[in-house]
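Biologist: I am new to this structure and would like a close look at one part of it rather than a tour of the whole. Could you choose a single helix, and tell me what it shows outward, what it hides and what lies around it?

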Amino acid sequence: MSIEKFSVEKVLSVHRWTHNLFSFTMTRPAHFKFTAGQFARIGLMVEGELVVRAYSVVSSPFDETLEFFSIVVPDGAFTSNLQHLKVGDELYLEKISYGYLTLARYQQPLPQDLWLLGTGTGLAPFLSMLQDFETWNKYQQINLVYSVRTESELAYVERIQEIADLFGEGHTGFKFIPIITRDPNAALHDRLPVLIGNGELEKAAGLSFNRDGSHVMLCGNPQMVEDTKEALKQRGLIMNRRGEGNIAVENYW
């Protein structure tokens, strides 16, 4: 991969949520533009070679810095090195952004309610969308559904409330719905496809999926995405193609 496609940026902060989850911020060059929901390609020099991975941007498109959310993959060529990031370290950032998990892809049905369904670090693009006033202006109801294995993995909870207070001021239709799959005492603890199939997710949201007005976005573990797509189809929703349909997914895995 040509290194000329990348700019060299500096790490500004690192936050460790758990032993295998962390987020970091880095400088943002003036030329780097993105739409909320898109991802960037970040590179590290590993034994003299540039290793690159895709990361959805957590930041608002209007922020002066870039933030990303990462999981540590055991023995992974990239994250096994990335996990040791320190302030001042250098990272490579490809100069263009990628991805189609953006609200602009929806043409029909017209927007009524937005369902953001994420597992693990798949929360990232949804945080970016929620830091865009257009999202709050466009949808009457917004449900952010975040599924993790344990309560300690529920990252960004306070930040989510801050975002809702700032960007959604006066908006009465926002709900944050956590799912903790390994805690039988959690209000919701089944996998997303199960909660969709048995109606428990809609019950928690106080809202039903609606083919004529629901926009549903999925990001996270590929198996979750596949299984959840099928569960949503069983509820009558259809994949978004060429701007029409309810279900949109990210495909950078």
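**One helix and its surroundings**

Modeller: On the face of helix H4 that is turned away from its buried side sit the exposed residues Glu158 and Leu166. Here "exposed" stands for a relative accessible area over 50%, "buried" for one under 20%, and "partly exposed" for what falls in between, using a 1.4 Å probe and protein chains only. Names such as H4 refer to DSSP runs numbered from the N terminus, where a helix is H or I over at least four residues and a strand is E over at least two.

Please keep in mind that this is a predicted model, in which local features need pLDDT of at least 70 and side-chain atom pairs count only at pLDDT 80 or more, while totals for chains, interfaces and linings use all residues. Residues are numbered from 1 along each chain as its sequence is written, and side-chain values use heavy atoms, with hydrogens and water left out.

Turning to the hidden side, H4 covers residues 157-167, and within it Ile160, Ile163, Ala164 and Phe167 are buried. When one looks down the axis of H4, these buried residues fall within an arc of 100 degrees, so they line one face of the helix; the arc is that of the directions from the helix axis to the C-beta atoms. An α-helix has 3.6 residues a turn, so residues three or four places apart point the same way.

What, then, covers the buried residues of H4? The cover includes helix H2 (124-130) and helix H3 (133-138), together with strand S8 (141-148) and strand S9 (174-180), where contact means heavy atoms within 4.5 Å.

Of these neighbours, H3 carries a salt bridge, a term that stands for a side-chain nitrogen of Lys or Arg within 4 Å of a carboxyl oxygen of Asp or Glu. By this rule the model has ten salt bridges, and one of them joins the side chains of lysine 138 and glutamate 134, at 3.3 Å from N to O. Because these two residues are four apart in helix H3, about one helical turn separates lysine 138 from glutamate 134. Both ends of the pair are partly exposed: lysine 138 has a relative accessible area of 28%, and glutamate 134 has 44% relative accessibility.

Strand S8, another part of the cover, deserves a closer look through two of its residues. Asparagine 143 belongs to strand S8 and is buried, with a relative accessible area of 1%. Leaving aside residues up to four places away in sequence, asparagine 143 touches Leu114, Trp115, Leu116, Lys175, Ile177, Ala205 and Leu207. Serine 147 is also found in strand S8 and is likewise buried, at a relative accessible area of 8%. With the same residues up to four places away in sequence left out, the contacts of serine 147 are Gly118, Thr119, Gly120, Ile179, Thr181 and Leu192.

S8 and S9 lead on to the sheet of which they are members. It is an open sheet of five strands, arranged in the order S9-S8-S7-S10-S11 with parallel pairing. The edges are formed by S9 and strand S11 (247-249), each of which pairs on one side only. From one strand to the next, the twist averages 15 degrees. Two strands are taken to pair if DSSP finds at least two bridges between them, and angles run from 0 to 180 degrees between N-to-C directions, along axes that are lines fitted to C-alpha atoms, for helices over the stretch in contact.

At the S11 edge of this sheet, strand S10 (residues 214-219) pairs with S11 in the parallel sense over three bridges, and leucine 218 stands opposite valine 249 in S11. Helix H7 (residues 222-234) packs on the sheet here, touching strand S7 (113-119), S10 and S11, and the direction of H7 makes about 160 degrees with that of S10.

To bring the view back to where it began, H4 has Ile160, Ile163, Ala164 and Phe167 buried under a cover that includes S8 and S9, while Glu158 and Leu166 are exposed on the face turned away.
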